[in-house]
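Reader: I'm new to reading protein models, and I'd love to go through this one with you. Could we take it piece by piece?

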Amino acid sequence: MTRVLEATGIEKVFRNGDEETRVLNGIDLTLDKGELVALLGASGSGKSTLLSIIGLLLRPTAGSLTISGERVDRLSERERARFRNRRLGFVFQFHHLLPDFTAMENVAFPAAAPAGGISRVMRDRARDLLTRVGLEDRIDFPATRLSGGQKQRVAIARALMNRPDLIIADEPTGNLDRESADRVLDLMREVNREDGGTFMICTHDEGVAARCSRRLTLIDGQLASNVSGTVDAL
Amino acid sequence: MFALQVARRYMLSNPSQTLLLIAGVALGVTVFVFITALIAGLAIRLTDQVTGNSAHISLEPPTRVARVLTGPDLPVESVALVSTFQRQQIRDWPMVVELLRSNPDVSAISTQISGSAFLVKSEAVTAVSIIGVDPQGIDAISQITPNIMDGNGDLGADGLLIGVRMAENLGLSAGQSILLRTERGVERQLTVKGVFSTGLQSLDERVAFMSLQTARPLFVLPQGVTNIEVKLKDPEDARATARFLAEATGLRATPWQEKNLSLEDALQAQGQTGTLIQIFSLISIIIGVASALVLSAYRRRGEVGIMRAFGVPGGFILWVFLLQGLLIGLIGGLIGCATGYGLCVWLEGITRVDGVPALPIAPAQGGYVAALVLTTLGAVIASILPARSASKVDPLEAIQQ
């Protein structure tokens with residue numbers, strides 16, 4: 001099994017003047033290719049901070065982080081941006097689509113911006129991804145004319161655009177109604193099953209976590225449990 | 001270029017704001033062009049008024065200075081007195097004229113004998129500046145014969161042309177005779193052949209023209225001339241050409257600017273005022289563009305943050321905002337240049353009763369290239385601050401918002 005993520009002794013301390021807040025306290029964690037991992041925890045347990053560190057949006061205070069065999073915690077800002085672009089995909093609680101662009105342009109954007117334009121190959125891949133997430137009839141729709149669930153599915157397609165090694169999702173269904181949330185989760189499971197995509201989903205929804213292949217629970221900045229197997233399998 | 005597409009899309013996403021911004025820039029450029037054309041036009045009109053009926057360069061004999069004499073036989077300091085028995089003159093004027101004729105910058109030459117005299121009619125006596133000229137070239141420097149309103153321009157052997165103000169003062173008209181007494185004490189009865197009106201007080205009130213041959217015995221100059229007046233194709237070349245002529249001939253060459261120092265000061269002050277207005281126009285454009293783009297960058301922090309999160313380089317985001325500044329400056333600048341030109345042409349067409357444009361405006365000299373380049377550059381500079389701030393948005397902070 002290919003190791004996608006290896007985090008060792010991850011610590012994060014926020015300082016505000018003389019005041020120190022320890023949010024993560026020695027997290028050791030590994031993720032293999034094709035895993036669909038749920039990260040659970042109460043508010044303030046540090047799960048969003050851990051996700052931000054794994055997503056290279058935040059630097060750890062201590063510890064090492066290796067993604068796809070590359071030590072990434074020591075990279076410069078420019079290298080981190082490049083790594084995020086090529087190896088990581090993001091799905092946020094709020095879709096964060098670019099409102100002035102169509103669904104297709106939003107999906108192609110992560111590939112187009114560094115390349116200097118949307119090539120035919122990029123356009124075709126963006127169309128394929130939108131078809132895959134069930135939005136083949138919304139390809140050239142402006143992002144502002146899509147429903148909440150459709151926007152989140154576009155965000156998933158965008159996260160997949162550059163064929164990332166790891167997709168990080170922070171409460172991806174948090175803003176959706178039950179039906180849209182199920183559809184989004186089914187989609188991620190499908191990508192995981194059929195393409196072997198590796199997901200790390202931060203959630204406080206037990207229903208979402210139950211459908212993941214592994215559940216990690218954070219309590220007060222420490223990994224409290226690490227349980228494998230979906231509820232269906234269990 | 002993808003950054004250009006994104007910049008264009010951002011501008012089109014809020015057309016009313018973009019249009020207002022471009023209109024603001026265009027207005028600033030219109031003011032810039034109008035002021036530049038007006039100042040250039042004013043300078044041209046004033047220069048024309050001054051140089052139109054006068055020489056651009058006057059060539060005269062060098063000033064005579066009393067020399068200090070030293071030597072063993074001179075126990076006390078002695079000076080060689082300057083003789084005033086005969087007026088200083090340009091003896092070898094034909095050579096100078098030849099030199100001037102070979103100069104491509106020279107458009108007209110007038111060899112003259114100038115001097116002071118009195119016109120006496122009965123009890124009335126008035127001082128007059130006499131200009132003795134070649135009758136064929138009387139209009140070389142000033143337009144005299146086309147402006148004759150009484151009599152004709154035929155000077156003949158004893159003819160005199162006087163200005164309309166002088167004629168009024170002495171109660172003279174064409175055909176009447178008058179006594180002339182020169183600074184050399186020579187007197188002669190002359191006939192007023194014509195009365196001219198140039199509109200220039202200095203000419204119409206104090207100057208009288210006669211032929212060079214008539215002037216010679218009156219000023220006791222049988223061969224030489226007192227001065228050579230030169231007109232150039234471009235009056236602005238006067239200083240350089242005067243320097244050249246002074247070196248080449250050894251004569252005193254005075255460009256028209258040195259005879260009209262107050263005009264030069266006025267033109268300079270006018271130019272400086274115009275420059276100040278242009279600078280303020282440019283500053284207002286820069287502030288306008290910068291404030292609009294700062295707001296735009298702030299409004300788009302979330303979008304920019306998400307771009308940064310999925311690894312779009314900061315340089316790309318920088319370009320998106322710089323290109324917005326460039327497009328706004330370029331489009332606003334082009335519209336402003338066109339509007340400014342149109343305004344200048346329209347104003348130029350408004351004339352007074354005498355057919356002269358009401359505003360001395362020069363539409364061709366609106367400084368269009370400078371306006372376009374400076375505005376575009378200014379708008380780009382204005383976008384640097386918001387562009388830099390956008391390119392440094394912390395993705396995490398933007399996402400959490």
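Reader: Which residue of β8(A) stands opposite A:L39?

Author: This is a predicted model, in which local features need pLDDT (the predictor's confidence in each residue, from 0 to 100) of at least 70, side-chain atom pairs count only at pLDDT 80 or more, and totals for chains, interfaces and linings use all residues. Residues are numbered from 1 along each chain as its sequence is written, while chains are lettered from A and ligands numbered from 1 in the order in which they are written. Strands (E, at least two residues) and helices (H or I, at least four) are DSSP runs numbered from the N terminus, and two strands pair if DSSP finds at least two bridges between them. β3(A) and β8 (residues 199–202) of chain A pair in the parallel sense over four bridges, and the residue opposite A:L39 is A:C202.

Reader: And which residue of β9(A) does A:G41 stand opposite?

Author: β3(A) also runs parallel to strand β9 (residues 214–219) of chain A, with five bridges joining them. There, the residue opposite A:G41 is A:L218.

Reader: How many residues of β3(A) are buried?

Author: A residue is buried if 20 or more other C-beta atoms, placed from the backbone, lie within 10 Å of its own (exposed if 12 or fewer, partly exposed in between). A:L36, A:A38 and A:L40 point one way from the strand, A:V37, A:L39 and A:G41 the other way, and all are buried. β3 (residues 36–41) of chain A is therefore largely enclosed by the rest of the structure, with a buried count of six of the six.

Reader: What is the order of the strands in the open sheet of four?

Author: The pairing in this chain A sheet is antiparallel. Its edge strands, each pairing on one side only, are β2 (19–32) and β5 (70–71). Two bridges join β4 (residues 62–67) of chain A to β5(A), where A:I67 stands opposite A:E70. The order is β2-β1-β4-β5.

Reader: Where in chain A is confidence highest?

Author: Chain A averages a pLDDT of 87, and 97% of the residues score at least 70. Confidence is lowest in β10 (residues 222–228) of chain A, at a mean of 77, and the highest value, 94, belongs to β4(A).

Reader: Which helix supplies the largest share of the side of chain B that touches chain A?

Author: Counting residues as in contact if their C-beta atoms, placed from the backbone, lie within 7 Å, the contact takes 18 residues from chain B and 19 from chain A. α1 (2–13), α10 (301–309) and α13 (395–400) of chain B each supply at least two residues of chain B's side. The largest share, five residues, comes from α10(B).

Methods:
Contact = placed C-beta atoms within 7 Å.
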